[in-house]
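Here's a quick briefing for anyone meeting this structure for the first time. Have a look at the sequence and the model, then walk through the points below.

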Amino acid sequence: MPIATVTYFQIFTQKMWSHSQSKPLISVITLLNLLLPALTLSPCRTTCGPIPVNYPFGLDDGCGAPQFRGMLNCSTDLFFTTPSGNYKVQSIDYDKKNLLVYDPAMSTCSILQPHHDFLLTPIQSAIIPPTSDTVFALLNCSVDSPVLNHYKSLCFNFSGHSCDELYNSCNAFRLFRLGMGLSNGTNSTGSTDFVPPCCFTGYDTVKFMSMNILDCTHYTSVTNTDRLRGLGPLDWVYGIKLSFAVPDTGCERCAQSGGTCGFDTETQVSLCLCSTFTNSTRQCAAGSDTAEGRDCAPWILFQAFLVIMGALLICLHDFNLSFI
């Protein structure tokens, strides 16, 4: 019998025996109601605060798809982890397959943040990149910035907006317009009221060029850009929307059998996690056609048998005590 099964059974019976001393004639039904959750308990957490965490994501190692291993962590809130930091997850849309995150170190209309890069690992860039309607605004750029010279084709306007609007509408970015930024140059009159260059660009630009190379001091990112026509910067949606694909590993079959999709942490082979004690490569219950399912199921049945017998003995013990 697996060690985990023995330990769980010992704890369970000790608690039931203790309970029987204070409440005679405890019923077998009560014991079974306590047992059944232990037999079917999923090893994977499915929420973090108000946000559901489903396949392909997982909070516990071995849950979800192996490609997404370690991308999410749950402390007080749900965070998406990258080489450049932890980004708070605002929402996950499993139908549209996108995840909205917010960079706590990103500048916004109301606050300027220190110099910061947004970095993804190579696998993250491949399987969960920012969506095409997420635009990065590079602010307070030098006149020598490569995106204003050799790579100026990387800059564009979106939905009728120019990034100059950020300097005019946002209190934080207006500081650059008043000559308090780090850009080099003045206007033709020599006034300090100089609007430093800026650039709306896509993720590929910041993927291949750091803020140092881009020669821009700050950035912000806007998402849902195709819906922002006619809206000013104060009403834009700030954040980074990521698009993910769901690997087809037979998860629907696993879920229909009562399991949760996961993987072996050593081999990274896909598994159907049936409970805290059983795994299968395809589906749960007696229909599993894998060695893992067949090997583990008898121990669960044996555990259930031991607990039921223990319950009967406790009932008999209590019944005898009631006549003493």
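**Briefing: strands, sheets, core and disulfides**

Let's begin with a pair of strands: β12 (residues 260-263) and β13 run antiparallel to each other and pair over four bridges. Keep in mind as you look around that this is a predicted model. The chain has 324 residues, and 42% of them are buried. Its secondary structure adds up to nine helices and 14 strands.

**The β12-β13 hairpin**

- Within this pair, Phe-263 sits opposite Ser-270 in β13.
- Six residues lie between the two strands of the hairpin, and here Gln-268 has a positive phi near 65°.
- β13 (residues 270-273) also holds Cys-272, and we'll get back to that cysteine further down.

**The five-strand sheet**

- This open sheet has its strands in the order β3-β4-β5-β6-β11, and the pairing is antiparallel.
- At the edges you'll find β3 (72-74) and β11 (240-243), each of which pairs on one side only.
- Ignoring direction, neighbouring strands in this sheet are turned by 40° against each other on average.
- Over at the β11 edge, strand β6 (residues 98-102) is joined to β11 by four bridges, and the two run antiparallel.
- To spot that pairing in the model, look for Val-101, which stands opposite Ile-240 in β11.
- As general background, the strands of a sheet pair through backbone hydrogen bonds, in either a parallel or an antiparallel way.

**The four-strand sheet**

- A second open sheet runs β8-β7-β9-β10, again with antiparallel pairing.
- Its edge strands are β8 and β10 (237-238); each has a single partner strand, so one side of each has no neighbour in the sheet.
- In the middle of that order, β7 and β9 run antiparallel and are joined by six bridges.
- Which residue in β9 is the bridge partner of Cys-141? That's Cys-216, and the two cysteines also form a disulfide.

**Disulfides**

How many disulfides does the model have? The count comes to nine, and three of them are described here.

- *Cys-141 and Cys-216.*
  - The sulfur atoms of this pair are 2.0 Å apart, and the link is right-handed, with 100° about the S-S bond.
  - It connects distant parts of the chain, with Cys-141 in strand β7 (residues 135-141) and Cys-216 in strand β9 (residues 216-223), 75 residues apart.
  - Cys-141 counts as buried because its relative accessibility is 0%, and Cys-216, at 3%, is buried too.
- *Cys-155 and Cys-199.*
  - Here the sulfur atoms are 2.1 Å apart, and the link is left-handed, with -110° about the S-S bond.
  - This pair also links distant parts of the chain: Cys-155 is in the loop between β7 and α4 (164-169), while Cys-199 is in strand β8 (residues 199-201), 44 residues away.
  - Are the two ends of this link buried or partly exposed? Cys-155 is partly exposed because its relative accessible area is 22%, whereas Cys-199 is buried at 1%.
- *Cys-254 and Cys-272.*
  - The sulfur atoms are 2.1 Å apart, and with 85° about the S-S bond this link is right-handed.
  - Cys-254 lies in helix α8 (residues 251-256) and Cys-272 in strand β13, so the pair ties together parts that are 18 residues apart in sequence.
  - Cys-254 is buried, with a relative accessible area of 1%, and Cys-272 is buried with an area of 1%.

**The nonpolar core**

- The largest nonpolar core has 60 residues, and Leu-72, Leu-138 and Leu-166 touch the most other members.
- β7 gives this core its largest share, six residues.
- Beyond its neighbours within four places in sequence, Leu-138 is in contact with a list of residues including Val-147, Val-206, Met-211, Leu-214 and Tyr-219.
- Two cysteines met above, Cys-199 and Cys-216, are also among the contacts of Leu-138.
- In general, nonpolar side chains tend to be buried together in soluble globular proteins.

**The chain as a whole**

- Take the contacts between residues at least 6 apart in sequence: 64% of them join residues at least 24 apart.
- The accessible surface of the chain is about 16,800 Å², and 58% of that belongs to carbon and sulfur atoms.

Methods. Residues numbered from 1 in each chain as written. Predicted model: local features only at pLDDT ≥ 70, side-chain atom pairs only at ≥ 80, totals over all residues. Heavy atoms only, no water. Disulfide = S-S within 2.5 Å. Buried < 20%, exposed > 50% of the residue type's maximum accessible area, 1.4 Å probe, protein only. Contact = heavy atoms within 4.5 Å. Areas by Shrake-Rupley, 256 points an atom, 1.4 Å probe, with all protein chains shown as cover. Pairing = 2+ DSSP bridges. Axes fitted to C-alpha atoms, helices over the stretch in contact; angles between N-to-C directions. Core = buried A, V, L, I, M, F, W, Y, C linked by side-chain atoms within 4.5 Å.
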